[in-house]
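Here's a quick tour of one protein chain, going from single helices out to the whole fold. Have the viewer open and follow along.

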Amino acid sequence: MTTILYIDDDLHDGEVVHSMLFGYHVVLARNGTAGLEAYYRLMPDIVILDILLPDMNGLELLDRLPTGCEQHPEIIALSGVADPGLAQEVRRRGVKKFLRKPIESKILKDAINELLRGNGAERHGQLEEHPPEYTFLDESENALSVKSPAFASIIGSSMIISRLKDRAHRYARCSFPVLILGESGTGKELFAKSIHELSRRCKDPFIILNCAALPDTLIESELFGTEAGAFTGAVNRAGGFELANGGTLFLDEIGELSPSGQAKLLRILEEKVVYRLGSRRGRKIDVRFVAATNKDLFLRAEGGMFRKDLFYRISGLELHIPPLRERKEDIEELSDVILRKGVEGGEANRHYRLSAAALARLRAHHWPGNVRELEHVLHRAMLHSDSAVIEAAHLEGSRNGRDYASLPVDEKQLPLF
């Protein structure tokens, strides 16, 4: 379904537009700040923007909207004032449609359809055939459920995971850097790989570099590569940037990168030219950067522990992956997948399943180790079980020798597995 972001503080006008746009998913932002946040979060197909906003001028907002997407959203500007100079300023910023308020239904629909055709977008159903989905940003969002082979490894049907899949699908349409935030074990790498597989770069390399494992002495050779003769034993070797050329470079645990490594990375992001260690010949690169961290980079940047200029370079788009304790409705589905795979050393032909009591115990736990911890718990339970049914008694505590299943169902009293 086509998504339209409508930025206007006039609630009456919002209801009018709502009544016109059958067949579309309409999201209403009541000011420019909310509009910018929704733009990055949704990557809509069309933006309808009222030039007069309570917190910023519409022209200022236009200047802050990125234009680097391969399928960037088209913009329709609105104004209740007949001002040729304003119309000229709007068009100078790349806006193709500038409409006067009050809006006529046919003119608005024709403008939307024309822009969708011109931007190569497919129409999702005919207008006036289905009622619209209409969302205020302060209400729960009706996110699109994305079903794609690229998401096959991301298990979960909760609303929050469905929204993240939808957002990742939208982010894949452009080449902006993406910063993926989340605790260890939440699946940040899986989302990074999904963004790559859904993008136009999917046939090119997806290269992973673990920043936490890059000491200063190896940063340049690992990122930039080496030229024969650069130092004793050096050979011609491409670094991570060159290996990922045309594709995606995933910088895992970027919050652990040293200050000198941050400076080197920033230079590449700005210049998009790589010099191998020991070489004076620059090599142009075309790489999409996706970074991940379990640190709060904003706070680290504010505290001087991470470069602010690098933070704003890599965080154009953000994905916040929730911990497992915030999506416990996915535990049963995750457990089923893990149990179906079995465990090395377990019974090969046994089809394991959870008892109701065991599932209740799993849902009660706080899961500091997230999905990775759940995998370890279930692998251990399969090895302890003499039958296909995993009981609560098979879920053992790994701290101070206490049996996890004997404790009350109170996450504050449960040990870590």
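In helix H14, the buried residues are Ala 358, Leu 359, Arg 361, Leu 362 and Ala 364. Bear in mind that this is a predicted model. The cover over those H14 residues includes helix H13 (331–341), strand E16 (353–354), H15 and strand E17 (389–390).

Just past H14 (356–364), in the loop that leads to helix H15 (370–384), you'll find Trp 367. Is Trp 367 buried or exposed? Its relative accessible area is 0%, and buried means under 20%, so Trp 367 counts as buried. A polar atom of the Trp 367 side chain sits 2.8 Å from the backbone oxygen of Leu 362, and Leu 362 is itself one of the buried residues of H14. Here are the two distances for this tryptophan side by side:

| Pair | What is compared | Distance |
|---|---|---|
| Trp 367 and Leu 362 | side-chain polar atom to backbone oxygen | 2.8 Å |
| Trp 367 and Glu 326 | C-alpha to C-alpha | 9.7 Å |

Along the chain, Trp 367 and Glu 326 are 41 residues apart.

Now over to helix H10, which runs through residues 259–271. Its 13 residues reach 19 Å from first C-alpha to last, close to the 18 Å expected at 1.5 Å a residue. Which residues of H10 are buried? They are Gly 261, Gln 262, Lys 264, Leu 265, Leu 266, Ile 268 and Leu 269. Among the elements covering them are helix H8 (216–224), helix H9 (240–243) and helix H12 (308–314). Strands take part as well, including E11 (248–252), E12 (273–275) and E14 (288–293). After H10 comes Lys 272, with a positive phi near 55°.

If you're after pockets, the largest one has a volume of about 580 Å³. Its lining has 25 residues, and the closest to the centre are Gly 185, Thr 186, Gly 187, Leu 190 and Val 371. Helix H7 (188–198), E11, H13 and H15 each give two or more residues to that lining. Some of these elements have come up already: E11 is part of the cover of H10, while H13 and H15 help cover H14.

Zooming out, the chain has 15 helices and 17 strands. Of its 417 residues, 51% count as buried. Take the contacts between residues at least 6 apart in sequence: 70% of them join residues at least 24 apart. The chain exposes about 19900 Å², with carbon and sulfur atoms supplying 49% of that area.

Terms used
Residues are numbered from 1 along each chain as its sequence is written. This is a predicted model: local features need pLDDT of at least 70, side-chain atom pairs count only at pLDDT 80 or more; totals for chains, interfaces and linings use all residues. Side-chain values use heavy atoms; hydrogens and water are left out. Helices (H or I, at least four residues) and strands (E, at least two) are DSSP runs, numbered from the N terminus. Buried means under 20% relative accessible area, exposed over 50%, partly exposed in between (1.4 Å probe, protein chains only). A polar contact is a pair of N or O atoms within 3.5 Å; within protein, one must be able to donate a hydrogen and the other to accept it, and residues adjacent in sequence count only if both atoms are side-chain atoms. Contact means heavy atoms within 4.5 Å. Accessible areas come from the Shrake-Rupley method with a 1.4 Å probe; for residues, only the protein chains shown count as cover. The expected span of a helix is 1.5 Å times one less than its number of residues. On a 1 Å grid over the protein atoms alone, a cavity is a set of points where a 1.4 Å probe fits but cannot get out, and a pocket is an open set with protein on both sides within 12 Å along at least five of seven lines; lining residues have an atom within 4 Å of a point. Grid points are joined across faces, edges and corners, and a volume is the space filled by probe spheres set on the points.
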